[in-house]
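Morning, everyone. Please have a look at the model on the screen. I'll walk you through it.

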Amino acid sequence: MILEALQHFLTPAAKEIKALGFVRESIAIEARYKRCRTAWKGHLDKCQQHILAAVSDLKEQATIMIIGSGALHDAPVDELLLPGHRIILVDIVHLAKIRRKYAQNDRVIFLEQDVTGLIKPLFDWQEGARSPMATEVRNKLAKTDLVISLNILSQLPINLIKYAARRHIPLPNDFENILLGNHLDLLRGLAPKQLIISDLERQYWEDGDAAQREPALPKDICQRLQNPCDTWDWHIAPKGELDKDISLLHKVACWPYAG
Ligand SMILES: C[S@@+](CC[C@H](N)C(=O)[O-])C[C@H]1O[C@@H](n2cnc3c(N)ncnc32)[C@H](O)[C@@H]1O
């Protein structure tokens with residue numbers, strides 16, 4: 001805990017990114033990965049397999065963008081580099097350890113970018129003002145041959161909604177739909193080929209039963225994505241991680257998305 005707090009303090013990031021909890025979360029994910037890597041293995045392997053399948057028909061030296069690259073546990077960067085591809089890693093936080101790993105490789109580009117365009121407007125919101133408007137993101141990201149939205153779609157609204165609630169910032173009723181719909185539009189504008197991996201449902205298991213289930217994506221977004229090409233389980237928090245009796249499982253899905 002003390003080490004995590006120190007790492008938070010030492011990680012350089014704009015104040016709004018720290019205020020909305022993104023740095024704390026990246027450090028926490030890394031710590032959880034270390035504790036749960038065996039339970040996560042099946043999920044991480046699936047993500048890597050789908051990414052490798054998606055790049056298999058790209059021409060050599062293509063450009064691939066991974067949005068939500070984070071700590072890269074689910075991204076097979078070394079394999080993607082073999083055919084000479086260029087990789088743009090987009091996340092709001094790239095921890096120093098990840099940057100160091102590819103610092104000498106000029107075909108790996110790190111881009112720290114809020115893909116919702118809403119973090120700064122929310123942070124800067126003033127009492128009495130209307131709902132904050134997202135800033136334009138599309139023109140900050142280059143066109144690529146393949147764009148991958150990697151375990152980020154369902155995560156996009158979470159910190160924004162929590163922060164808005166804490167500061168009583170008004171958000172539209174269909175905020176989640178708008179935000180996630182904008183993300184799908186962004187992907188479509190970035191590359192002719194897209195791959196989306198996201199959790200679909202969260203399940204809380206107790207005594208061999210899924211005691212509670214929550215959708216991870218709004219219905220309209222699921223309809224827009226249509227049927228996934230594959231689904232699997234991510235044992236994200238085995239018993240003892242969040243609670244001594246309850247484990248958390250994510251149902252994850254993959255879509256080769258084209259519009
Ligand atoms: C569940 S993690 C994805 C897992 C990641 N690929 C890994 O292996 O660590 C979700 C990622 O989305 C990023 N993220 C969340 N909101 C974002 C935003 N508005 N813009 C850019 N990245 C964001 C987080 O920083 C985090 O790294």
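**Ligand shell, bent helix and cores**

By class, the shell around the ligand holds 10 nonpolar, eight polar and three charged residues. Nonpolar means Ala, Val, Leu, Ile, Met, Phe, Trp, Tyr, Cys and Pro; charged means Asp, Glu, Lys and Arg; the others, Gly among them, count as polar.

Some ground rules. This is a predicted model: local features need pLDDT of at least 70, side-chain atom pairs count only at pLDDT 80 or more, and totals for chains, interfaces and linings use all residues. Numbering runs from 1 along each chain as its sequence is written.

Back to the ligand. Of the 21 residues around it (C-beta, placed from the backbone, within 6 Å), Gly-70, Ala-71, His-73, Ile-92 and Asn-151 come nearest. Helix α3 gives the largest share of the shell, three residues. Helices (H or I, at least four residues) and strands (E, at least two) are DSSP runs, numbered from the N terminus.

So what does α3 look like? It covers residues 22-55 and spans only 29 Å between its end C-alpha atoms. A straight helix of 34 residues would span 50 Å at 1.5 Å a residue, counting one less than the number of residues. There is a kink of about 90° in α3, centred on Arg-37. That bend is the angle between axes fitted to the seven residues ending there and the seven starting there.

Last, the core. The largest nonpolar core (buried Ala, Val, Leu, Ile, Met, Phe, Trp, Tyr and Cys joined through C-beta atoms within 7 Å) has 41 residues. Buried means 20 or more other C-beta atoms within 10 Å of a residue's own, again placed from the backbone. Strand β8 (247-257) gives the largest share of this core, five residues.

Notes: Buried ≥ 20, exposed ≤ 12 C-beta atoms within 10 Å, placed from the backbone.
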